[in-house]
Amino acid sequence: MTRMKLKLRFQVAPVLKVTPAFRLIAAGTVAAVLLFAFVISYFNAANVKKAYASGPSETMLTGSFIINMGITPQTSSNGLRPYGMIYDLIKNYKVPIKWSIEPTKVKDGTDFTYNSVDYKGGTFVVPAEYITAAVASRITYWTGQGVNGVYTTSSVSVPVYATITNFPEIMIDTLSGLQSIIISYYTNASIPSSAYSLGAPAGLNQCYDIWTNPHGDPTWATHGYLYNFVVNQKGWVWSQCHCVSMLEDVINPNPPYEQLNFLTQNGLKCWQAGSCGAGISESHVLSPTTPYTYSYPTDPEMQFMGNLELATQAGSERWFQPLSTGGWNAGTKVGVSTANGSAPQQGVLSVFGYAYGNSNYGRVMYDAGHDLTSGGGGAAQPQKVAAQRTYFNFMLLAGKDRELNITTDMPPDTLGYGSAVAVSANAVSGTAPFNYKWTTQRGGSFDDTTAASTVYYPPPSPETFDIIRVIVTDACNRVNFQTARVNLNSSAPLPVTLISFTAAAVPQGIQINWSTSSESNNDYFTLEHSADGVQYSALDNIDGSGNSSEALHYAWHDENPFKGMNYYRLTQTDFDGTQKIFSPISISTDDVPFELSVVNVYPNPFTGDFSITYNAENRGMTRLEIRNAEGKLVYTEPLNSSPGINRYDFSKKVALPKGIYFVILAQGKNKTEARRLVKY
């Protein structure tokens, strides 16, 4: 079987980048302002927003562990140490954690009910299938540290907002010298210092996911790096106290459209008169006006119990409010508002959203108060926990948003004992190069545990299931993983068992061969071809053998491979449409043993025109001879050849009568065998 390939090249139009909205510094023309507003509103409306809504319900199996985040009163033990437990299980044991948020609940409402217990506050669940003896030991450790939870004795359906597999790469700012404030949050949650780095905005690079700031007096010289971090690197920002109003009022002197008013249209009222830069004349009093209003109870940032205002009422800036000439961005969410002003200029204690209201940029969150572990005295302990939970919720959300995006080809849900199946993973985000590691939980194995593509062999009976996991690490040491549960069944029909898949470079192209030891419901194979091992196109569909228990052999010849490296891949399709992609193989045309030979003459028979593909040993002149059935030379032509595969088109060079002809090529003393050609 042969197939000629037609290669198409497409050019993608460049994406127009729109600069974030900036605060007007001096009076300009009305036309300029209106034009700018139109451009911003037009492109913001065109942006596709990321969806932050709870996903469908999932069934947690018997033996899953529910972490109760709704215990009251909230303490560091039952409200903050669960984040330490999650960090431990994700980082050290590669256990995915389900974050359950009921998408229609009210403030402090129920996420789900199990055994007559209402679970609230953004519940976390450790799925049963990932709880090994080592993981169970860690759960025991954390419950001993005050984490409240229970093992399920039956299955339970829960709404899942997200599956958490990653904790972000965090920088805690050191410019203010008050990094100990945020470090204390980690201490309260029992999260180790390895979870974060210390530094200044100038050190932010593509390896950081989020910058967190406890305090400080930002200027463009010290904090202007955040503009690139948020806009171009899509990094996230969390900040508190009077750094917030100063940050929102920072402007790049040149060009002035680069500004750090991430969540407002025009900046914030200053925490203190004269402290927030040129052009900022408005400030606000130290204490906000009550009462406080809590909104967005189903957003992940707002997953905490009770109130938080007592934890924010200490320090130099205990609430935030936009300048009277602006307001909060349309996409900014006010989690906790004060009674000062009205939307979109209301006072806030906690606020969050995409920078500049644009989902193409990183997210930003501000919390009021100097230190979320102080304020309000000892009676405010539950509110301190609630305030710190907003921080860790934002960290988990950043980890989910910034995780390495991995596409995988995993085994089907059910495999028979003794089967083998190709698996593969590909990191499509992050910083290259990537390292891959495959693991199996219950005794399975792999051909190569460090390859992006490999073959998985399930464990033997009596195991009834296995968990396979691929862990991907990028150059920045970001780590993410994906898992799959494989049920084992002795009666499950084996899919196609591929015992070999090879490619060999030959003078006529590349020869591909594969063999199967058994086939079940095999409709056909699709042979695919790629120049880079990423983007594949189909070469041909090759009929399968339906059902077979004997060794079968298949072959396909590619006459027109790419110059250099070639990748081939098989996809097998069942009669019901189920498909399985096997691991690819690669071969280089540089491995072709170059000798003078005719690869193909087509079409054959011909009526008028025909083409010849041939392999030349050396660069230079190759002589074409066409002889009739009696051996008489009827046409000759010198061809300018290059080493490797060449093509020659015979297009009405001479009127050849109907009959039998022979094509011969000669280069120096080397001649090809005569290739028979028939004209009708």
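The following exchange sets terms used for this predicted model against their definitions.

Reader: What makes a local feature or a side-chain atom pair count in this model?
Author: This is a predicted model, in which local features need pLDDT of at least 70 and side-chain atom pairs count only at pLDDT 80 or more, while totals for chains, interfaces and linings use all residues. Residues are numbered from 1 along each chain as its sequence is written, and side-chain values use heavy atoms, with hydrogens and water left out.

Reader: Why is His 557 called buried?
Author: Buried means under 20% relative accessible area, exposed means over 50%, and partly exposed lies in between (1.4 Å probe, protein chains only). His 557 has a relative accessible area of 15%, and therefore counts as buried. His 557 belongs to strand β29 (residues 552-558); strands (E, at least two residues) and helices (H or I, at least four) are DSSP runs, numbered from the N terminus.

Reader: What makes the link between His 557 and Gln 511 a polar contact?
Author: A polar contact is a pair of N or O atoms within 3.5 Å; within protein, one must be able to donate a hydrogen and the other to accept it, and residues adjacent in sequence count only if both atoms are side-chain atoms. The side chains of His 557 and Gln 511 are joined at 3.0 Å, so the distance satisfies the limit of 3.5 Å. Gln 511 also stands opposite His 557 in β29.

Reader: How do you know that β27 and β29 pair?
Author: Two strands pair if DSSP finds at least two bridges between them. β27 and β29 have seven bridges and are antiparallel, so the criterion is met.

Reader: Which other strands pair with β27, including β26?
Author: Strand β26 (residues 497-506) is joined to β27 by nine bridges, in the antiparallel sense, and Phe 501 stands opposite Trp 514 in β27. Eight bridges join β27 to strand β28 (residues 537-548), again antiparallel, with Leu 527 opposite Asp 540 in β28. Strand β30 (residues 565-574) is likewise joined to β27 by eight bridges and runs antiparallel; there, Thr 526 stands opposite Thr 571. β27 and β28 form a hairpin with six residues between them, and Gly 533 in the turn has a positive phi of about 80°.

Reader: Why is strand β27 described as largely enclosed by the rest of the structure?
Author: Of the 22 residues of β27 (residues 509-530), 16 are buried, so the strand is largely enclosed.

Reader: What makes the sheet β18-β20-β23-β22 open, and which strands stand at its edges?
Author: The four strands form an open antiparallel sheet in that order. β18 (406-409) and β22 (445-446) stand at the edges, each with a single partner strand, so one side of each is left without a neighbour in the sheet. β22 and β23 (residues 453-457) pair over two bridges, and Phe 446 stands opposite Tyr 456 in β23.

Reader: Where is helix α2 kinked, and what is meant by the bend?
Author: The bend at a residue is the angle between axes fitted to the seven residues ending there and the seven starting there. In helix α2 (residues 76-93), the kink is about 30° and is centred on Pro 82. The helix is mostly covered, with 13 of its 18 residues buried. Lys 94 follows α2 and has a positive phi, near 50°.

Reader: Why is Cys 241 buried whereas Lys 234 is called partly exposed?
Author: Cys 241 has 0% relative accessibility and so counts as buried. Lys 234, at a relative accessible area of 41%, is therefore partly exposed. Lys 234 is found in the loop between α6 (225-231) and β13 (236-240), and Cys 241 in the loop between β13 and α7 (243-248). Phi is positive in Lys 234, near 60°, and in Cys 241, about 60°, although Cys 241 is not a glycine.

Reader: Which peptide bonds are cis, among them the one that joins Ala 343 and Pro 344?
Author: The bond between Ala 343 and Pro 344 is cis, with omega about 5°; Pro 344 lies in the loop between β15 (333-337) and β16 (348-354). The bond from Ser 461 to Pro 462 is also cis, with omega near 20°, and Pro 462 is placed in the loop between β23 and β24 (465-473).
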